[in-house]
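Got your viewer open? Load the model, colour it however you like, and we'll walk through it stop by stop.

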Amino acid sequence: MNSDIHALLNLMYHVARHNPGRAKHWWIRVGTKDSDNALTVVGNVAGSLHGLGDDVNSLMYWDQGHGSNTDAADFITGVGRVTGRRS
């Protein structure tokens with residue numbers, strides 16, 4: 001049972017299932033000084049989603065830590081593009 005819980009917490013477990021109902025648009029950001037997530041994990045997630053044909057917008061913030069958010073306006077523009085809504 002413990003391994004089942006770990007699988008459910010692992011995003012790659014869900015990506016590998018090729019769920020047709022998954023989100024198709026992804027905005028992924030990570031700081032290069034992030035101490036909570038390995039950059040390879042972020043790269044693997046972005047690459048796997050891209051390989052499934054999803055719209056993936058991923059970026060690494062240079063010299064930033066976990067939770068950095070330096071392009072919030074771009075995120076809002078991206079949401080508008082995906083949803084067709086404009087402010």
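Here is a tour that starts with the whole chain and then visits one helix, some loops, some charged pairs and a surface patch.

**Before you click**

This is a predicted model, so local features are given where pLDDT is at least 70, side-chain atom pairs count only at pLDDT 80 or more, and totals for chains, interfaces and linings use all residues. Residues are numbered from 1 along each chain as its sequence is written, and side-chain values use heavy atoms, with hydrogens and water left out.

**Stop 1: the whole chain**

Show everything as a cartoon. You should find four helices and two strands, in the order α-α-β-α-β-α from the N terminus on. Helices here are DSSP runs of H or I with at least four residues, strands are runs of E with at least two, and both are numbered from the N terminus. The C-alpha trace spans about 45 × 35 × 20 Å along its principal axes.

Switch on the surface: the chain exposes about 6,300 Å², with carbon and sulfur atoms supplying 55% of that. Such areas come from the Shrake-Rupley method with a 1.4 Å probe, and for residues only the protein chains shown count as cover. Of the 87 residues, 18% are buried. Buried means under 20% relative accessible area, exposed means over 50%, and partly exposed is in between (1.4 Å probe, protein chains only).

**Stop 2: helix α3**

Select residues 39-51, which make up helix α3. Its 13 residues should span 18 Å at 1.5 Å a residue, and the end C-alpha atoms are indeed 18 Å apart; the expected span is 1.5 Å times one less than the number of residues.

Which residues of α3 are buried? Pick out Val42, Val45, Ala46 and Leu49. Looking down the axis of α3, these buried residues fall within an arc of 95°, so they line one face of the helix. (The arc is that of the directions from the helix axis to the C-beta atoms.) Now show what covers them: α2 (11-16), β1 (25-31) and β2 (55-61) are included. On the other side of α3, Thr40 and Gly51 are exposed. Step past the helix and you meet Gly53, with a positive phi near 90°.

**Stop 3: the loop between α2 and β1**

Go to His18, which lies in this loop. Most residues other than glycine have a negative phi. His18 has a positive one, near 55°.

Lys24 sits in the loop between α2 and β1 too, and at 33% relative accessibility it counts as partly exposed. Not counting residues up to four places away in sequence, Lys24 touches Asn19, Asp54 and Asp55; contact means heavy atoms within 4.5 Å.

**Stop 4: charged pairs**

Side chains of opposite charge can pair when their charged atoms come close. The whole structure has four salt bridges, each a side-chain nitrogen of Lys or Arg within 4 Å of a carboxyl oxygen of Asp or Glu. Here are some to select.

- Arg22 and Asp54: their closest N and O atoms are 2.9 Å apart. The pair links distant parts of the chain, with Arg22 in the loop between α2 and β1 and Asp54 in the loop between α3 and β2, 32 residues apart. Arg22 is buried at 18% relative accessible area, and Asp54 is buried at 5%.
- Asp63 and Lys33: here the closest N and O atoms are 3.7 Å apart. Asp63 is in the loop between β2 and α4, Lys33 in the loop between β1 and α3, 30 residues apart. Asp63 is partly exposed at 46%, while Lys33 is exposed at 52%. Check the backbone of Asp63 as well: its phi is positive, about 60°, although it is not a glycine.
- Asp55 and Arg81: the closest N and O atoms are 3.1 Å apart. This pair joins strand β2, which holds Asp55, to helix α4, which holds Arg81, 26 residues apart. Asp55 counts as partly exposed, at 28%.

**Stop 5: a nonpolar patch**

Which residues form a nonpolar patch on the surface? Select Phe75, Ile76 and Val79, which have about 260 Å² of accessible area together. Patches are made of residues with over 30% relative accessible area and no salt bridge; like charges are joined within 9 Å, and nonpolar side chains (Val, Leu, Ile, Met, Phe, Trp, Tyr) within 5 Å. Val79 is in helix α4 (residues 72-83), and at 35% relative accessibility Val79 is partly exposed.
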